[in-house]
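Reader: I'd love a close look at one part of this model rather than a quick tour of everything. Could you start with the charged side chains and then show me what surrounds them?

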Amino acid sequence: MEKVTLSVNEVAELIGVSAATIYTMVRLNEIPCKKIRGRIIFHRETIDKWLAIPTVK
């Protein structure tokens, strides 16, 4: 069974960036997450959908 939530380090590895980049993205509201008792967690399905959305720059 696949995990439902991911940590900062797991998301960083999944995306291919550093944990510091993920913390910056969280601070700037650039990535969907939840903060629970001081921990930042990511819902796996939400991150998968977020990655599938094309970005325009």
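Author: E45 is partly exposed, with a relative accessible area of 45%, where partly exposed lies between buried (under 20%) and exposed (over 50%), using a 1.4 Å probe and protein chains only. Its salt-bridge partner is K49, and the closest N and O atoms of the pair are 3.2 Å apart; a salt bridge here is a side-chain nitrogen of Lys or Arg within 4 Å of a carboxyl oxygen of Asp or Glu. K49 has a relative accessible area of 53% and therefore counts as exposed. Both E45 and K49 belong to helix 3, where they sit 4 residues apart, about one turn of the helix.

Before going on, please keep in mind that this is a predicted model, so local features need pLDDT of at least 70 and side-chain atom pairs pLDDT 80 or more, while totals for chains, interfaces and linings use all residues. Numbering runs from 1 along each chain as its sequence is written, and side-chain values use heavy atoms, with hydrogens and water left out.

The structure holds 3 salt bridges, and helix 3 contains another of them. D48 pairs with R44, their closest N and O atoms being 3.6 Å apart. Because D48 and R44 are 4 residues apart in helix 3, about one helical turn separates them. D48, at 34% relative accessibility, is partly exposed.

R44 also leads us to the other end of the sequence. K3 and R44 are 41 residues apart in sequence, yet their C-alpha atoms lie 7.4 Å apart in space. Leaving out residues up to four places away in sequence, K3 touches E10 and R44, a contact being heavy atoms within 4.5 Å. With E10, K3 forms a salt bridge whose closest N and O atoms are 2.8 Å apart. Both ends are partly exposed: K3 at 48% and E10 at 29%.

K3 lies in the segment before strand 1, which brings us to the sheet. There, 3 strands form an open, antiparallel sheet in the order 1-3-2; helices (H or I, at least four residues) and strands (E, at least two) are DSSP runs numbered from the N terminus. Strand 1 (5-6) and strand 2 are the edge strands, each with a single partner strand, so one side of each has no neighbour in the sheet. Strand 1 pairs with strand 3 over 2 bridges, and strands count as paired if DSSP finds at least two bridges between them. L6 has F42 in strand 3 as its bridge partner. Strand 2 is joined to strand 3 by 3 bridges, and K35 is partnered there by I40. The hairpin of strand 2 and strand 3 has 2 residues between the strands, and R37 in this hairpin takes a positive phi near 50°.

Helix 2 (residues 19-27) connects these pieces through its buried residues, which are I22, M25 and V26. They pack against helix 1 (8-15), strand 2 (34-36), strand 3 (39-43) and helix 3 (44-52). After helix 2 comes N29, with a positive phi near 55°. That returns us to helix 3, home of the E45 and K49 pair where we began.
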